[in-house]
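Q: Could you take a close look at the empty space inside this model, starting with the enclosed part? I'd like one connected walk through what lines it.

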Amino acid sequence: MWNSALAKVDLAAIRDNLEVVRSLCPRSRVMAMVKANAYGHGLIPVARALWAADGLAVARLQEAMRLRKAGISSRILLLATYLDSTALSLCSKHEIDVTAHDQVSISNISEHARYNPLRVWLKLDTGMHRAGVSPAECERAVRLLLGHPGVEELVLMTHLSCADDLGSAMTEHQLSCYLRWRDAFPNVRASIANSAALISRPETHMDWVRPGLMLYGENPLGGQVNVPLRPAMTLNARIIAVRQLATGESVGYNMRWTSKRVSRIGLVGIGYGDGYPRHAPNGTPVWINGQLVPLVGQVSMDSLTVDLTDCDRVDVGDLATLWGENLSATVVAKYAGTIPYQLFTSLQTRVSREYVGDKSDVELHRRLSPNSALVN
Ligand SMILES: *Cc1c(COP(=O)(O)O)cnc(C)c1O
């Protein structure tokens with residue numbers, strides 16, 4: 001039995017969400033984002049579940065290497081990062097696509113590729129001003145890389161800063177800037193769309209889409225556009241104590257919440273030391289025994305407190321769901337003044353992970369022990 005908080009990850013949901021991506025952009029190839037430990041869902045199990053994607057993208061060389069060491073042979077893209085000759089050697093050796101995002105990376109890549117071929121994604125800064133070559137530098141960079149004998153394939157990529165804002169003038173500006181360059185180089189592959197653009201702007205689909213959040217079942221556009229995604233993660237913890245409070249008694253650090261009636265308070269075994277947001281305010285919903293109850297009092301390192309007064313029956317040992325199927329991480333994130341991306345990637349290692357819905361594992365297990373019944 002598990003005693004820590006537990007993140008249950010349904011790999012079938014991730015596969016289904018990939019199918020949703022396929023149905024939205026049937027003509028594009030899919031570079032599935034598994035950076036930051038697959039948005040906190042677990043790099044290797046998620047990468048295995050996404051075997052049907054056309055590629056997997058990470059932002060750290062260590063994560064790309066972990067994928068290769070686990071025997072994953074999918075195409076891998078390393079997003080903009082510092083690339084010295086050691087890093088570039090590993091990328092050629094392990095067939096990891098690299099990102100050229102400024103003059104230093106372009107010259108390091110072209111120097112290295114003279115002897116060791118590489119597939120290159122050139123990032124064009126169309127207005128986000130984070131990474132990427134400027135439009136003025138674009139033509140020279142494309143010509144250099146396209147004509148380079150060691151560059152096996154070139155993809156021109158850009159990233160939208162406001163794709164989750166449906167009426168954004170910035171998106172229009174970025175798209176027209178991007179299209180000017182893409183039309184000048186019809187041989188170069190094109191990639192723009194993150195989840196939000198993939199869902200809301202079919203004109204951004206092009207050769208490669210780069211979905212992240214939606215694969216894990218959250219829609220970055222919220223209710224504005226409906227997409228049949230399934231949340232992959234359910235974060236559970238146990239109720240470790242239930243106590244009665246008189247009117248006017250306060251709970252937790254700094255007395256942040258005080259009861260206005262006789263109250264029943266549940267202590268839940270998860271806190272900011274597990275990755276639950278400390279800044280979640282009073283009233284943040286928690287799902288317990290089929291209903292939503294409010295968080296009350298300051299979140300502690302190892303626990304948080306909820307008001308169970310309006311619950312029919314809750315016992316020590318019952319499960320609390322912090323987010324999952326019945327309570328979306330996007331909703332919890334809104335209460336806490338953050339985004340589901342941060343909730344997922346903040347989960348700490350002491351949170352146990354349990355994977356369900358992995359067909360290949362089920363099959364493997366059956367082959368190894370044909371008489372065992374697998375509960376899944
Ligand atoms: C993380 C990332 C994405 C995916 O964004 P989502 O909003 O999670 O879909 C796409 N492209 C780049 C360059 C990224 O860094």
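A: The lining of the largest cavity is a mixed bag: 3 nonpolar, 4 polar and 3 charged residues. Bear in mind that this is a predicted model. The residues around that cavity are Lys123, Leu124, Asp125, Thr126, Met128, His129, Arg130, Ala131, Thr158 and His159. The space they enclose comes to about 50 Å³.

How many cavities of 30 Å³ or more does the structure hold? The count is 2. The second largest has a volume of about 30 Å³, and its lining has another make-up, with 8 nonpolar residues, 1 polar and 1 charged. Lining this one are Tyr216, Glu218, Pro231, Ala232, Met233, Trp323, Gly324, Leu327, Ala329 and Phe344.

Now for the open spaces, where some of these names come back. His159, part of the lining of the largest cavity, is also among the residues nearest the centre of the largest pocket, along with Lys35, Tyr39, Asn194 and Tyr341. That pocket holds about 920 Å³ of space and has 38 lining residues. Sorted by class, those are 20 nonpolar, 11 polar and 7 charged. Several helices pitch in: α2 (35–39), α9 (195–200), α10 (329–335) and α11 (340–345) each give at least two residues to the lining. The biggest contributor is α11, with 4 residues.

The second largest pocket comes in at about 260 Å³. It has 16 lining residues, and Lys8, Asp10, Pro231, Thr234 and Glu325 sit closest to its centre. Pro231 is a name you've already met, since it also lines the second largest cavity. Here strands do the contributing: β1 (6–10), β10 (233–245) and β17 (319–323) each supply at least two lining residues. The largest share is that of β1, which provides 4. By class, the lining splits into 8 nonpolar, 4 polar and 4 charged residues.

Stay with Asp10 for a moment, as it leads from this pocket to a helix. Besides lying among the residues closest to the centre of the second largest pocket, aspartate 10 caps the N-terminal end of α1, with a side-chain oxygen 3.0 Å from the backbone nitrogen of alanine 12. Helix α1 runs over residues 11–24, which makes 14 residues, and it spans 20 Å from first C-alpha to last, close to the 20 Å expected at 1.5 Å a residue. Its buried residues are Leu11, Ala12, Ala13, Ile14, Arg15, Asn17, Leu18, Val20 and Val21, so alanine 12, the partner in that cap, is one of them.

One more stop, away from the pockets: helix α5 (residues 85–93), where leucine 90 is found. Leucine 90 has a relative accessibility of 28%, so it counts as partly exposed. Its C-alpha is separated by 16 Å from that of alanine 57, 33 residues away along the chain. As for cysteine 91, its relative accessibility is 0%, so it counts as buried.

And the sulfurs? Searching the whole structure turns up 0 disulfides. Cysteine 162 is in no disulfide, and the nearest cysteine sulfur, from cysteine 177, is 14 Å away. With a cut-off of 2.5 Å for a disulfide, that pair doesn't qualify. Cysteine 162 itself is partly exposed, at 23% relative accessible area.

How values were computed: Residues numbered from 1 in each chain as written. Predicted model: local features only at pLDDT ≥ 70, side-chain atom pairs only at ≥ 80, totals over all residues. Heavy atoms only, no water. Buried < 20%, exposed > 50% of the residue type's maximum accessible area, 1.4 Å probe, protein only. 1 Å grid on protein atoms, 1.4 Å probe; cavity = no way out; pocket = protein on both sides within 12 Å on 5 of 7 lines; lining within 4 Å. Points joined across faces, edges and corners; volume = space filled by probe spheres on them. Nonpolar A, V, L, I, M, F, W, Y, C, P; charged D, E, K, R; others polar. Expected span 1.5 Å × (residues − 1). Polar contact = N/O pair within 3.5 Å; in protein donor to acceptor, adjacent residues only side chain to side chain.
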